[in-house]
Amino acid sequence: MACSALLAPERSVGKFPVISISLKSVDGRSFESASAALKTVIGNEAMRFQFLKESEMLSEEEKEAYARLIKIGFGEDGIYAMTEKVAAASLQTLSQLLARHYGQKAILLIDEYDVPLDKAFQAGDYDEMVNLIRNLLGNALKTNDSLYFAVLTGCPRISKESIFTGLNNLKAHTISDIRHDHRKEVCRRTEALGREKDHQVWHSFLCCNWGRGIFRNPPSPIAMNDFKGEPK
């Protein structure tokens with residue numbers, strides 16, 4: 001995103017179609033069940049854009065491609081019927097359809113991308129899941145002209161994960177990149193809430209030493225500000 005857009009976020013609000021998924025629930029005792037969980041996450045997100053079925057900007061073929069993303073299989077389980085091939089291309093397909101409908105490239109947000117890999121490793125299905133996730137992300141992130149940018153969050157550094165082989169322009173941000181003292185921000189928040197005299201806020205602001213820096217836990221003062229009684 002251009003620097004001017006970052007400095008003036010109001011210019012970007014509501015401008016871009018956003019695909020947002022979390023893979024924290026992609027788990028199962030077998031690759032089949034984990035794959036079904038992944039399809040559920042993607043299918044549920046695709047369901048948010050049902051206006052695409054009637055979009056005048058899409059061709060009949062493109063509408064059929066969307067229908068394959070949200071098709072529910074037979075039976076009581078209500079599992080999405082997309083094949084593994086359709087699932088692997090699903091995020092790319094959805095971004096292309098949204099870009100065509102809005103005339104604007106899409107933003108892709110993926111939270112906890114590493115959870116399916118960790119769970120699959122524990123279940124002994126790592127190779128199958130790596131292949132699926134690699135194809136999913138490769139299709140969505142590489143040579144996808146309908147993607148403005150993507151943000152992925154997870155524990156492992158992305159530059160060391162084999163699932164990102166072949167991708168370019170990756171930026172990794174870790175806890176070691178944090179160099180900002182949040183004292184002023186905490187004070188600003190507490191003053192805005194009438195807690196400016198609460199000296200315990202900063203002392204209760206959980207912190208730890210990491211290398212040469214001090215890193216603090218933002219949820220601590222936020223939770224404290226929500227608490228109406230004495231800080232704990």
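Is Lys-63 buried or exposed? I started there, keeping in mind that this is a predicted model.

**Entry 1: Lys-63**

I looked up Lys-63 and found that this residue sits in helix 3. Its relative accessible area is 18%, and because the cut-off for buried is under 20%, Lys-63 counts as buried. I then listed its contacts, leaving out residues up to four places away in sequence: Lys-63 touches Leu-52, Lys-53, Glu-54, Ser-55 and Leu-58.

Next I checked the charged group of Lys-63. Its side chain meets that of Glu-60 in a salt bridge, at 3.9 Å from N to O. The salt-bridge limit is within 4 Å, so I noted the value of 3.9 Å for this pair with that limit in mind. Both residues belong to helix 3, which covers residues 60-70, and they are 3 residues apart, about one turn of the helix. An α-helix has 3.6 residues a turn, so residues three or four places apart point the same way. Glu-60 is exposed, at 51% relative accessible area, whereas Lys-63 is buried.

**Entry 2: the other salt bridges**

How many salt bridges does the structure hold? I count 3.

One of them joins Glu-45 and Arg-48, with the closest N and O atoms 2.7 Å apart. Glu-45 is buried at 8% relative accessibility; Arg-48 is partly exposed at 46%.

Another joins the side chains of Glu-62 and Arg-100, at 3.0 Å from N to O. This pair links distant parts of the chain: Glu-62 is in helix 3 and Arg-100 in helix 5 (residues 90-102), with their positions 38 residues apart in the count. I read Glu-62 as buried, with a relative accessible area of 16%, and Arg-100 as partly exposed, with 43%.

**Entry 3: helix 5**

Arg-100 led me to helix 5. This helix has 13 residues and spans 18 Å from its first C-alpha to its last, close to the 18 Å expected at 1.5 Å a residue. I looked up which of its residues are buried and noted Ser-90, Leu-91, Gln-92, Thr-93, Leu-94, Ser-95, Leu-97, Leu-98 and Ala-99.

What do the buried residues of helix 5 pack against? I found strand 1 (18-22), helix 2 (31-47), helix 3, helix 4 (84-88), strand 2 (106-111) and helix 7 (126-141). After helix 5 comes Gly-103, with a positive phi near 70°.

**Entry 4: the sheet**

I then turned to the strands. They form an open sheet of 3 strands in the order 1-2-3, with parallel pairing. Strand 1 and strand 3 (147-153) stand at the edges; each has a single partner strand, so one side of each is left without a neighbour in the sheet. Ignoring direction, neighbouring strands of this sheet are turned by 10° against each other on average.

For strand 1 and strand 2, I found parallel pairing over 5 bridges. Ser-22 stands opposite Asp-111 in strand 2.

Which helices lie on these strands? Helix 5 lies across strand 1 and strand 2, and runs at about 155° to strand 1. Helix 7 also packs on the sheet, where it touches strand 2 and strand 3, its direction making about 145° with that of strand 3.

**Entry 5: back to the start**

I closed by tracing the links from helix 3. Lys-63 pairs with Glu-60 by a salt bridge, while Glu-62 pairs with Arg-100, which lies in helix 5. Helix 5 in turn lies across strand 1 and strand 2.

Definitions and conventions: Residues numbered from 1 in each chain as written. Predicted model: local features only at pLDDT ≥ 70, side-chain atom pairs only at ≥ 80, totals over all residues. Heavy atoms only, no water. Buried < 20%, exposed > 50% of the residue type's maximum accessible area, 1.4 Å probe, protein only. Helix = DSSP H or I, 4+ residues; strand = E, 2+ residues; numbered from the N terminus. Expected span 1.5 Å × (residues − 1). Contact = heavy atoms within 4.5 Å. Pairing = 2+ DSSP bridges. Axes fitted to C-alpha atoms, helices over the stretch in contact; angles between N-to-C directions.
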